[in-house]
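Colleague: Thanks for making time for this one. Could we go through the labels in your annotation and the reasoning behind each of them?

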Amino acid sequence: MAALVRPRDGRMLGGVCAALARRFGTSALTMRLIFLASCLLPGPQFLLYLALWLLLPSGDRATKAAAW
């Protein structure tokens, strides 16, 4: 499995769905559709998305940190 970092390419908004898609081996479109479908259910989906956006490192910063 790939590391959980927000990629620089393939982002639409924050790169969270693209990061999750790479982690679980699916396409970003599939992950975005799953997220949109989950928004029809009650729950804190948007808060979870915002939290992941803030907590997941960006791909460019993760690469620089790994080089250290």
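Colleague: Let's start with helix α1, residues 16-24: which residues there are buried, and what makes them count as such?

Modeller: This is a predicted model, so everything I say is computed from it. In α1, the buried residues are V16, C17, A18, A19, L20 and A21. The label means under 20% relative accessible area, so each of those six names falls below that cut-off. Across the protein, buried residues make up 28% of the 68 residues.

Colleague: What do the buried residues of α1 pack against?

Modeller: They pack against α2 (28-38) and α3 (45-55). Just after α1, G25 has a positive phi of about 75°.

Colleague: Why is the crossing of α1 and α2 called right-handed?

Modeller: The sense of turn decides that: a clockwise turn of the near helix from the far one, by less than a right angle, is right-handed, and therefore α1 passing α2 gets that name. As for the geometry, the two axes come within 8 Å and cross at roughly 115°. That angle can exceed 90° because angles run from 0 to 180 degrees between N-to-C directions.

Colleague: Which residues make that contact?

Modeller: From α1 they are C17, A18, L20, A21 and F24, and from α2 they are A28, M31, R32 and F35. They divide into 8 nonpolar, no polar and 1 charged. Arg counts as charged, so R32 is the charged one.

Colleague: What makes the largest nonpolar core a core, and which residues are in it?

Modeller: The core has 7 residues: V16, C17, L20, A21, M31, F35 and Y49. They qualify because they are buried, of the nonpolar types, and joined through side-chain atoms within 4.5 Å. The largest share, 4 residues, comes from α1, while α1 and α2 each supply at least two. In soluble globular proteins, nonpolar side chains tend to be buried together.

Colleague: And F35, what does that residue touch?

Modeller: Leaving aside residues up to four places away in sequence, F35 touches C17, Q45, F46 and Y49. Touching here means heavy atoms within 4.5 Å, so each of those four has a heavy atom within that distance of F35.

Colleague: Last one: how do you know what pattern the protein follows?

Modeller: Read along the sequence, the pattern is α-α-α-α, with 4 helices and 0 strands. Among contacts between residues at least 6 apart in sequence, 42% join residues at least 24 apart. The accessible surface comes to about 5,000 Å², and 71% of that belongs to carbon and sulfur atoms.

Technical notes. Residues are numbered from 1 along each chain as its sequence is written. This is a predicted model: local features need pLDDT of at least 70, side-chain atom pairs count only at pLDDT 80 or more; totals for chains, interfaces and linings use all residues. Side-chain values use heavy atoms; hydrogens and water are left out. Buried means under 20% relative accessible area, exposed over 50%, partly exposed in between (1.4 Å probe, protein chains only). Accessible areas come from the Shrake-Rupley method with a 1.4 Å probe; for residues, only the protein chains shown count as cover.
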